[in-house]
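Biologist: I have a new structure open and would like to learn how to read it. Could you walk me through a few features?

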Amino acid sequence: MNRLYRKNFLKELDFAPADLEYLITLAARLKAAKKARREPQLMKGLNIALLFEKDSTRTRCSFEVAAHDQGAHVTYLGPTGSQVGKKESMADTARVLSGFFDGIEYRGFGQDIVERLAQYASVPVWNGLTNEWHPTQLLADMLTMTECTGKPLKGLTMAYLGDARYNMGNSLMVGCAMLGVNFRSVAPKSLWTSDEVFALAQEQAARSGAVIERTEDVDKGVEGCDFLYSDVWVSMGEPDSVWKERIELLTPYRVTGEVMDKTGNPECRFLHCLPAFHNRETTIGEQIYQKYGVECMEVNDEVFESDRNAAFLEAANRMHTIKAVMVATLAEEDIDEALTRAGF
(Lines give C-alpha, C1' and ligand atoms only; values in the text may rest on other atoms or scores of the structure.)
Protein backbone atom coordinates (compact mmCIF):
# COMPACT_ATOMS: atom_id res chain seq x y z
CA MET A 1 0.00 0.00 0.00
CA ASN A 2 1.30 3.48 -0.87
CA ARG A 3 2.47 5.37 2.21
CA LEU A 4 -0.02 8.29 1.93
CA TYR A 5 -2.98 6.38 0.49
CA ARG A 6 -6.33 8.01 1.34
CA LYS A 7 -4.70 10.69 3.53
CA ASN A 8 -5.94 14.28 3.61
CA PHE A 9 -3.49 17.10 2.86
CA LEU A 10 -4.85 20.19 4.60
CA LYS A 11 -1.62 21.75 5.90
CA GLU A 12 2.06 20.87 5.96
CA LEU A 13 1.90 19.54 9.51
CA ASP A 14 -0.57 16.84 8.43
CA PHE A 15 2.47 14.97 7.09
CA ALA A 16 5.89 14.14 8.49
CA PRO A 17 8.95 15.86 6.98
CA ALA A 18 9.83 12.57 5.27
CA ASP A 19 6.39 12.56 3.62
CA LEU A 20 6.91 16.07 2.23
CA GLU A 21 10.32 15.00 0.92
CA TYR A 22 8.70 11.94 -0.68
CA LEU A 23 6.09 14.13 -2.43
CA ILE A 24 8.78 16.48 -3.79
CA THR A 25 10.80 13.52 -5.10
CA LEU A 26 7.66 11.93 -6.54
CA ALA A 27 6.79 15.20 -8.30
CA ALA A 28 10.25 15.30 -9.89
CA ARG A 29 9.86 11.71 -11.12
CA LEU A 30 6.39 12.38 -12.53
CA LYS A 31 7.68 15.54 -14.19
CA ALA A 32 10.48 13.61 -15.89
CA ALA A 33 8.05 10.89 -16.99
CA LYS A 34 5.66 13.44 -18.48
CA LYS A 35 8.48 15.16 -20.35
CA ALA A 36 9.53 11.79 -21.82
CA ARG A 37 5.87 10.98 -22.62
CA ARG A 38 6.13 7.76 -20.62
CA GLU A 39 4.02 8.74 -17.64
CA PRO A 40 2.13 5.80 -16.10
CA GLN A 41 -1.55 6.59 -15.48
CA LEU A 42 -2.17 5.71 -11.85
CA MET A 43 -5.57 7.45 -11.47
CA LYS A 44 -7.31 6.04 -14.52
CA GLY A 45 -11.10 6.27 -14.29
CA LEU A 46 -11.14 8.25 -11.03
CA ASN A 47 -13.26 11.38 -10.56
CA ILE A 48 -12.04 14.54 -8.86
CA ALA A 49 -14.13 17.46 -7.53
CA LEU A 50 -12.60 20.93 -7.56
CA LEU A 51 -14.51 23.07 -5.07
CA PHE A 52 -13.52 26.73 -5.45
CA GLU A 53 -14.87 29.54 -3.30
CA LYS A 54 -12.00 31.76 -4.54
CA ASP A 55 -11.03 32.10 -8.19
CA SER A 56 -7.67 30.83 -9.41
CA THR A 57 -5.50 30.35 -12.48
CA ARG A 58 -2.63 28.11 -11.34
CA THR A 59 -4.45 25.95 -8.80
CA ARG A 60 -7.37 25.16 -11.07
CA CYS A 61 -5.27 24.50 -14.16
CA SER A 62 -2.78 22.43 -12.15
CA PHE A 63 -5.44 20.11 -10.75
CA GLU A 64 -7.21 19.80 -14.10
CA VAL A 65 -4.10 19.06 -16.19
CA ALA A 66 -2.64 16.75 -13.54
CA ALA A 67 -5.87 14.76 -13.34
CA HIS A 68 -6.17 14.49 -17.13
CA ASP A 69 -2.53 13.37 -17.41
CA GLN A 70 -3.27 10.61 -14.93
CA GLY A 71 -6.46 9.45 -16.67
CA ALA A 72 -8.86 10.97 -14.15
CA HIS A 73 -11.86 13.23 -14.76
CA VAL A 74 -12.58 16.54 -13.03
CA THR A 75 -15.69 18.53 -12.21
CA TYR A 76 -15.12 22.21 -11.45
CA LEU A 77 -17.49 23.86 -8.98
CA GLY A 78 -16.75 27.59 -8.97
CA PRO A 79 -17.80 30.31 -6.54
CA THR A 80 -21.33 30.37 -8.02
CA GLY A 81 -21.44 26.76 -9.18
CA SER A 82 -22.72 24.96 -6.10
CA GLN A 83 -25.01 25.37 -3.10
CA VAL A 84 -22.17 25.40 -0.58
CA GLY A 85 -22.84 27.92 2.16
CA LYS A 86 -26.09 29.08 0.56
CA LYS A 87 -28.52 26.18 0.78
CA GLU A 88 -26.19 23.42 1.92
CA SER A 89 -23.70 23.20 4.75
CA MET A 90 -20.11 22.10 4.19
CA ALA A 91 -20.80 18.93 6.18
CA ASP A 92 -23.70 18.03 3.89
CA THR A 93 -21.69 18.99 0.78
CA ALA A 94 -18.84 16.72 1.91
CA ARG A 95 -21.15 13.74 2.21
CA VAL A 96 -22.84 14.44 -1.12
CA LEU A 97 -19.57 14.88 -3.07
CA SER A 98 -18.08 11.77 -1.44
CA GLY A 99 -20.81 9.77 -3.16
CA PHE A 100 -19.72 11.00 -6.60
CA PHE A 101 -15.98 11.58 -6.38
CA ASP A 102 -12.76 9.83 -5.36
CA GLY A 103 -11.06 13.02 -4.12
CA ILE A 104 -12.01 16.62 -3.35
CA GLU A 105 -9.93 19.78 -3.68
CA TYR A 106 -11.01 22.90 -1.79
CA ARG A 107 -9.85 26.48 -2.32
CA GLY A 108 -11.47 29.16 -0.22
CA PHE A 109 -11.49 30.98 3.08
CA GLY A 110 -10.94 29.79 6.65
CA GLN A 111 -8.93 26.67 7.46
CA ASP A 112 -11.85 25.53 9.62
CA ILE A 113 -13.91 25.15 6.42
CA VAL A 114 -11.56 22.68 4.74
CA GLU A 115 -11.08 20.89 8.06
CA ARG A 116 -14.85 20.44 8.31
CA LEU A 117 -15.00 19.25 4.70
CA ALA A 118 -12.37 16.63 5.49
CA GLN A 119 -14.12 15.64 8.72
CA TYR A 120 -17.31 14.68 6.88
CA ALA A 121 -15.87 13.48 3.56
CA SER A 122 -15.13 9.78 3.09
CA VAL A 123 -12.54 10.47 0.34
CA PRO A 124 -9.20 12.36 0.46
CA VAL A 125 -9.45 16.15 0.70
CA TRP A 126 -6.67 18.50 -0.47
CA ASN A 127 -6.24 22.16 0.47
CA GLY A 128 -5.76 24.30 -2.64
CA LEU A 129 -5.54 27.46 -0.47
CA THR A 130 -7.15 28.79 2.67
CA ASN A 131 -6.53 32.02 4.52
CA GLU A 132 -4.10 30.23 6.83
CA TRP A 133 -2.26 27.59 4.75
CA HIS A 134 -1.21 26.87 1.16
CA PRO A 135 0.46 23.44 1.28
CA THR A 136 0.42 22.58 -2.42
CA GLN A 137 2.19 25.86 -3.19
CA LEU A 138 4.85 25.04 -0.60
CA LEU A 139 5.64 21.78 -2.40
CA ALA A 140 6.04 23.62 -5.72
CA ASP A 141 8.33 26.15 -4.06
CA MET A 142 10.57 23.43 -2.66
CA LEU A 143 10.77 21.53 -5.97
CA THR A 144 11.72 24.78 -7.71
CA MET A 145 14.46 25.47 -5.18
CA THR A 146 16.06 22.08 -5.74
CA GLU A 147 15.90 22.55 -9.52
CA CYS A 148 17.38 26.06 -9.41
CA THR A 149 20.29 25.16 -7.14
CA GLY A 150 20.89 21.48 -7.83
CA LYS A 151 21.34 21.17 -4.06
CA PRO A 152 19.43 19.44 -1.28
CA LEU A 153 16.90 21.63 0.49
CA LYS A 154 18.57 21.26 3.87
CA GLY A 155 20.91 24.20 4.38
CA LEU A 156 19.39 26.53 1.76
CA THR A 157 18.24 29.97 2.98
CA MET A 158 15.07 31.82 2.02
CA ALA A 159 13.67 35.20 3.04
CA TYR A 160 10.01 36.11 2.67
CA LEU A 161 9.40 39.86 2.32
CA GLY A 162 5.95 41.34 2.84
CA ASP A 163 2.79 40.68 4.83
CA ALA A 164 3.72 37.45 6.63
CA ARG A 165 0.49 36.86 8.56
CA TYR A 166 -1.37 34.69 6.09
CA ASN A 167 -1.13 31.48 4.08
CA MET A 168 2.23 31.91 2.35
CA GLY A 169 3.94 33.40 5.39
CA ASN A 170 2.67 30.48 7.46
CA SER A 171 3.28 27.67 4.98
CA LEU A 172 6.77 28.83 4.07
CA MET A 173 7.84 29.29 7.67
CA VAL A 174 6.57 25.90 8.85
CA GLY A 175 7.44 24.04 5.65
CA CYS A 176 11.00 25.36 5.62
CA ALA A 177 11.39 24.46 9.28
CA MET A 178 10.22 20.91 8.57
CA LEU A 179 12.57 20.47 5.62
CA GLY A 180 15.70 22.06 7.08
CA VAL A 181 15.58 25.28 5.04
CA ASN A 182 16.76 28.38 6.92
CA PHE A 183 13.91 30.89 6.82
CA ARG A 184 13.62 34.60 7.58
CA SER A 185 10.30 36.38 7.75
CA VAL A 186 11.15 39.98 6.80
CA ALA A 187 8.27 42.34 7.55
CA PRO A 188 7.10 45.25 9.70
CA LYS A 189 6.43 43.86 13.17
CA SER A 190 2.69 44.50 12.83
CA LEU A 191 2.66 42.10 9.85
CA TRP A 192 4.79 39.32 11.35
CA THR A 193 3.77 35.69 11.28
CA SER A 194 1.83 34.94 14.47
CA ASP A 195 3.55 33.80 17.65
CA GLU A 196 1.58 30.54 17.44
CA VAL A 197 2.87 29.68 13.96
CA PHE A 198 6.37 30.85 14.88
CA ALA A 199 6.32 28.47 17.85
CA LEU A 200 5.20 25.58 15.61
CA ALA A 201 8.06 26.37 13.24
CA GLN A 202 10.59 26.49 16.05
CA GLU A 203 9.48 23.03 17.20
CA GLN A 204 10.07 21.66 13.71
CA ALA A 205 13.37 23.53 13.34
CA ALA A 206 14.67 21.96 16.53
CA ARG A 207 14.39 18.59 14.75
CA SER A 208 15.60 19.62 11.28
CA GLY A 209 18.39 22.04 12.24
CA ALA A 210 16.84 24.97 10.33
CA VAL A 211 17.20 28.51 11.65
CA ILE A 212 13.85 30.34 11.68
CA GLU A 213 13.81 34.10 12.28
CA ARG A 214 11.54 37.14 12.18
CA THR A 215 13.03 40.57 11.50
CA GLU A 216 12.06 44.07 10.39
CA ASP A 217 15.54 44.67 8.94
CA VAL A 218 15.65 44.11 5.17
CA ASP A 219 19.46 44.18 4.94
CA LYS A 220 19.86 41.62 7.72
CA GLY A 221 16.97 39.53 6.44
CA VAL A 222 18.23 39.05 2.88
CA GLU A 223 21.95 38.67 3.56
CA GLY A 224 23.29 35.39 2.20
CA CYS A 225 19.93 34.18 0.91
CA ASP A 226 19.49 31.71 -1.92
CA PHE A 227 15.90 32.82 -2.55
CA LEU A 228 13.79 35.90 -1.92
CA TYR A 229 10.06 35.31 -1.87
CA SER A 230 7.23 37.82 -2.03
CA ASP A 231 3.44 37.84 -2.33
CA VAL A 232 0.68 40.36 -2.91
CA TRP A 233 0.28 43.03 -0.27
CA VAL A 234 -3.50 42.69 0.02
CA SER A 235 -4.98 39.21 0.13
CA MET A 236 -8.18 38.02 -1.53
CA GLY A 237 -11.21 38.97 0.53
CA GLU A 238 -9.59 41.94 2.26
CA PRO A 239 -11.28 45.35 1.77
CA ASP A 240 -9.83 47.92 -0.65
CA SER A 241 -9.47 50.33 2.27
CA VAL A 242 -6.32 48.55 3.45
CA TRP A 243 -4.31 49.39 0.30
CA LYS A 244 -3.09 52.79 1.53
CA GLU A 245 -1.79 51.40 4.83
CA ARG A 246 -0.13 48.38 3.18
CA ILE A 247 1.61 50.49 0.55
CA GLU A 248 3.02 52.75 3.24
CA LEU A 249 4.12 49.82 5.41
CA LEU A 250 5.48 47.52 2.72
CA THR A 251 7.11 49.72 0.10
CA PRO A 252 10.47 49.42 1.97
CA TYR A 253 10.09 45.62 1.59
CA ARG A 254 9.63 45.64 -2.19
CA VAL A 255 11.99 43.25 -3.98
CA THR A 256 14.17 45.32 -6.32
CA GLY A 257 17.51 44.74 -7.99
CA GLU A 258 19.17 46.55 -5.11
CA VAL A 259 17.53 44.23 -2.58
CA MET A 260 18.56 41.17 -4.61
CA ASP A 261 22.14 42.47 -4.68
CA LYS A 262 22.09 42.87 -0.89
CA THR A 263 21.95 39.09 -0.59
CA GLY A 264 25.58 39.01 -1.73
CA ASN A 265 24.64 35.94 -3.75
CA PRO A 266 24.67 36.43 -7.54
CA GLU A 267 22.80 33.12 -7.90
CA CYS A 268 19.93 34.27 -5.65
CA ARG A 269 16.54 33.79 -7.31
CA PHE A 270 13.16 35.45 -6.86
CA LEU A 271 10.05 33.40 -6.07
CA HIS A 272 6.38 34.42 -6.02
CA CYS A 273 3.19 32.38 -5.86
CA LEU A 274 1.59 34.73 -8.45
CA PRO A 275 -0.19 36.77 -9.61
CA ALA A 276 2.31 39.57 -8.99
CA PHE A 277 1.76 43.32 -9.22
CA HIS A 278 5.04 44.25 -10.91
CA ASN A 279 3.68 46.85 -13.36
CA ARG A 280 0.49 48.67 -14.39
CA GLU A 281 -0.64 46.09 -16.97
CA THR A 282 -3.58 44.83 -14.90
CA THR A 283 -6.84 46.45 -13.90
CA ILE A 284 -5.86 46.53 -10.23
CA GLY A 285 -2.32 47.65 -11.00
CA GLU A 286 -3.60 50.62 -12.99
CA GLN A 287 -6.18 51.48 -10.33
CA ILE A 288 -3.50 51.50 -7.63
CA TYR A 289 -1.29 53.72 -9.80
CA GLN A 290 -4.12 56.20 -10.42
CA LYS A 291 -5.01 56.33 -6.73
CA TYR A 292 -1.57 56.15 -5.06
CA GLY A 293 0.97 56.82 -7.82
CA VAL A 294 2.63 53.40 -7.32
CA GLU A 295 4.06 51.82 -10.49
CA CYS A 296 4.59 48.39 -8.89
CA MET A 297 4.10 46.78 -5.54
CA GLU A 298 5.82 43.72 -4.08
CA VAL A 299 8.39 43.39 -6.88
CA ASN A 300 9.54 45.64 -9.71
CA ASP A 301 10.10 44.81 -13.38
CA GLU A 302 13.86 45.03 -12.96
CA VAL A 303 13.64 41.75 -11.02
CA PHE A 304 10.47 40.24 -12.42
CA GLU A 305 11.52 40.51 -16.07
CA SER A 306 15.03 39.24 -15.41
CA ASP A 307 16.79 35.89 -15.31
CA ARG A 308 16.67 36.12 -11.53
CA ASN A 309 12.93 35.43 -11.58
CA ALA A 310 12.07 31.75 -11.08
CA ALA A 311 8.35 32.36 -10.51
CA PHE A 312 7.26 30.88 -13.85
CA LEU A 313 9.19 27.66 -13.25
CA GLU A 314 7.58 27.67 -9.80
CA ALA A 315 4.13 28.12 -11.38
CA ALA A 316 4.70 25.21 -13.77
CA ASN A 317 5.78 23.07 -10.83
CA ARG A 318 2.38 23.57 -9.20
CA MET A 319 1.00 21.00 -11.62
CA HIS A 320 3.72 18.43 -10.95
CA THR A 321 3.52 18.69 -7.17
CA ILE A 322 -0.28 18.68 -7.14
CA LYS A 323 -0.15 15.59 -9.33
CA ALA A 324 2.17 13.99 -6.78
CA VAL A 325 -0.31 14.72 -3.97
CA MET A 326 -3.23 13.22 -5.88
CA VAL A 327 -1.30 10.16 -7.02
CA ALA A 328 0.16 9.53 -3.55
CA THR A 329 -3.24 9.67 -1.87
CA LEU A 330 -5.36 7.93 -4.54
CA ALA A 331 -3.25 5.42 -6.48
CA GLU A 332 -3.88 1.79 -5.56
CA GLU A 333 -1.04 0.49 -7.75
CA ASP A 334 2.45 0.65 -6.24
CA ILE A 335 3.69 4.08 -7.37
CA ASP A 336 7.42 3.47 -7.09
CA GLU A 337 7.14 0.17 -8.95
CA ALA A 338 5.10 1.75 -11.75
CA LEU A 339 7.56 4.60 -12.22
CA THR A 340 10.54 2.28 -12.09
CA ARG A 341 8.97 0.12 -14.82
CA ALA A 342 8.53 3.27 -16.91
CA GLY A 343 12.21 4.11 -16.45
CA PHE A 344 11.89 6.74 -13.72
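Modeller: Sure. Let's start with Leu129, which sits in strand S4, residues 125-129. Keep in mind that this is a predicted model.

Biologist: Okay. Is Leu129 buried or exposed?

Modeller: Relative accessibility decides that, and buried means under 20%. Leu129 comes out at 6%, so it counts as buried.

Biologist: And what is phi of Leu129 near?

Modeller: Phi of Leu129 is near 150 degrees, which is a positive value in a residue other than glycine. Arg37 is another non-glycine residue with a positive phi, about 60 degrees here.

Biologist: Where is Arg37, and is it buried or exposed?

Modeller: You'll find Arg37 in the loop between helix H1 (17-35) and S1. The cut-off for exposed is over 50%, and Arg37 has a relative accessible area of 78%, so it is exposed.

Biologist: What else should I look at in that loop?

Modeller: Try Met43, which is also found in the loop between H1 and S1. Met43 has a relative accessibility of 1%, so it counts as buried.

Biologist: Which residues does Met43 touch, not counting those up to four places away in sequence?

Modeller: Met43 touches Ile48, Gln70, Gly71, Ala72, Met326, Val327 and Leu330. For a distance across the model, take Met43 and Arg214: they are 171 residues apart in sequence, and their C-alpha atoms are 42 Å apart in space.

Biologist: Let's move to helices. Which residues of helix H3 are buried?

Modeller: Helix H3 covers residues 90-98, and its buried residues are Met90, Ala91, Thr93, Ala94, Leu97 and Ser98. Looking down the axis of H3, you see these buried residues within an arc of 160 degrees, so they line one face of the helix.

Biologist: What covers the buried residues of H3?

Modeller: The cover includes three strands, S1 (47-52), S2 (73-77) and S3 (103-107), along with helix H4 (111-120).

Biologist: How do I describe two helices that pack together?

Modeller: The general idea is that two packed helices are described by the angle between their axes and the distance between the axes. Here, take helix H5 (residues 135-149) and helix H13 (residues 311-330): their axes come within 8 Å and cross at roughly 120 degrees. That angle makes H5 oblique to H13. The crossing of H5 and H13 is right-handed.

Biologist: Which residues make that contact?

Modeller: From H5, the contact uses Thr136, Gln137, Leu139, Ala140, Asp141, Leu143, Thr144, Glu147 and Cys148. H13 brings Leu313, Glu314, Asn317, Arg318, His320, Thr321, Ile322 and Val325. Sorted by type, the residues of the contact of H5 with H13 are seven nonpolar, six polar and four charged.

Biologist: Now a single helix residue, please. Where is Ala205, and what is it in contact with?

Modeller: Ala205 belongs to helix H7, residues 195-208. Its relative accessibility is 7%, so Ala205 counts as buried. Setting aside neighbours within four places in sequence, Ala205 is in contact with Ala177, Ala210 and Ile212. Asp307 is 102 residues from Ala205 along the chain, and their C-alpha atoms are separated by 31 Å.

Biologist: One last feature: which residues does the cis peptide bond with omega about 0 degrees join?

Modeller: That cis peptide bond joins Leu274 and Pro275. To find Pro275, look in the loop between strand S9 (269-272) and helix H11 (283-292).

Methods:
Residues numbered from 1 in each chain as written. Predicted model: local features only at pLDDT ≥ 70, side-chain atom pairs only at ≥ 80, totals over all residues. Heavy atoms only, no water. Buried < 20%, exposed > 50% of the residue type's maximum accessible area, 1.4 Å probe, protein only. Helix = DSSP H or I, 4+ residues; strand = E, 2+ residues; numbered from the N terminus. Arc of directions from axis to C-beta. Contact = heavy atoms within 4.5 Å. Axes fitted to C-alpha atoms, helices over the stretch in contact; angles between N-to-C directions. Parallel < 35°, antiparallel > 145°, perpendicular 65-115°, else oblique. Left-handed = near helix turned anticlockwise from the far one by under 90°. Nonpolar A, V, L, I, M, F, W, Y, C, P; charged D, E, K, R; others polar.
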